[in-house]
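Good morning, and thank you for joining this meeting. I should like to walk through one structure, beginning with its helices and ending with two backbone details.

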Amino acid sequence: MNAVIQAICERRSTRKFKSDAVPKELIGQIVTAGTYAANGRGMQSTVIVAISNREVRDRLSAANCQIGGWDPSFDPFYGAPVVLLVLADKSRPTYVYDGSLVMGELMLAAHSVGLGSCWIHRAKEEFETEEWKQWLSGQGISGEYEGIGHCVIGYTDGELPSPAPRKENRVFYIE
């Protein structure tokens, strides 16, 4: 099995992270990989926002927690020190697919450099609010974007879970 296929088969979602900072170089490598995700008509209409600022990360976590309806003490980012926010231009007919492919690339890239990752939802709801739309504008990001997801990354605290057995009758060959 080649290294890429092996990484795809081995990657698992991490739901417990160490608080250790992730080097900017590794974040850059992961983000770069995300920019190479396949996308509709090669339009490259997704945006990745790498958030390692603790205050912003915690505000985003609190907003996510509120949308999820959890106790305010719960961290829906599982302690991950970095959030890679993926946004997609709503004017593109393939925006959800494009953003989803970016999310997959980010998680696989994180695994390939020894980091854990997890796709956290509710970015759509967060970035429909005026507060977070204004925050984007303050970062110089303008346009009609939908939040596709948060790829939280960091060093895994503990072992990765074992893969579940693959379900049968999911692959068909027509020869």
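Before we begin, one term: two residues are in contact when their heavy atoms lie within 4.5 Å. Please also bear in mind that the model before you is predicted.

Let me take helix α4 as the starting point. Helix α4 covers residues 95-112, and its 18 residues should span 26 Å at 1.5 Å a residue. The end C-alpha atoms of α4 are indeed 26 Å apart, in agreement with that expectation. The buried residues of α4 are Tyr95, Asp98, Gly99, Val102, Met103, Leu106, Met107, Ala109, Ala110 and His111. What covers them? The elements over the buried residues of α4 include the helices α1 (3-10) and α2, together with the strands β1, β2, β3 (116-120) and β4 (145-154). After α4 comes Gly114, which has a positive phi, near 85 degrees.

Helix α3 may be treated in the same manner. For its 15 residues, a rise of 1.5 Å a residue gives a span of 21 Å, and the end C-alpha atoms of α3 are 21 Å apart, which agrees. Buried in α3 are Val56, Arg57, Leu60, Ser61, Ala63, Asn64 and Cys65. These buried residues pack against the strands β1, β2, β3 and β4, and also against the helices α5 (123-126) and α6 (130-138).

I turn now to Arg11, in the loop between α1 and α2. Is Arg11 buried or exposed? Its relative accessibility is 17%, and because buried means under 20%, Arg11 counts as buried. Leaving aside residues up to four places away in sequence, Arg11 touches Met107, Leu108, His111 and Ser117. Two of these partners, Met107 and His111, are among the buried residues of α4. As for Leu84, it is 73 residues from Arg11 in sequence, and the two C-alpha atoms are 17 Å apart in space.

Let us step back to the whole chain. The protein chain has six helices and four strands, and along the sequence they follow the pattern α-α-β-α-β-α-β-α-α-β. The radius of gyration is 17 Å, close to the 16 Å that the globule rule gives for 175 residues, so the chain is as compact as a globular protein of that length. Along its principal axes, the C-alpha trace spans about 50 × 40 × 35 Å. Of the 175 residues, 39% count as buried. Among contacts between residues at least 6 apart in sequence, 83% join residues at least 24 apart. The accessible surface comes to about 10,500 Å², and carbon and sulfur atoms account for 51% of that area. There are 18 positive and 21 negative side chains, and the centres of the two sets lie 2 Å apart.

I close with the backbone. Most residues other than glycine have a negative phi. Which phi does Gln44 have? Gln44 is not a glycine, yet its phi is positive, at about 50 degrees. Gln44 is found in the loop between α2 (24-35) and β1 (46-51), and it is exposed, with a relative accessible area of 59%. Tyr78, also not a glycine, has a positive phi of about 55 degrees. Tyr78 lies in the loop between α3 (54-68) and β2 (82-89), and it is partly exposed, at a relative accessible area of 26%.

Technical notes. Residues numbered from 1 in each chain as written. Predicted model: local features only at pLDDT ≥ 70, side-chain atom pairs only at ≥ 80, totals over all residues. Heavy atoms only, no water. Helix = DSSP H or I, 4+ residues; strand = E, 2+ residues; numbered from the N terminus. Buried < 20%, exposed > 50% of the residue type's maximum accessible area, 1.4 Å probe, protein only. Expected span 1.5 Å × (residues − 1). Rg over C-alpha atoms; globule rule 2.2 N^0.38 Å. Areas by Shrake-Rupley, 256 points an atom, 1.4 Å probe, with all protein chains shown as cover. Lys, Arg positive; Asp, Glu negative; His and termini not counted. Charge placed at Lys NZ, Arg CZ, Asp CG, Glu CD.
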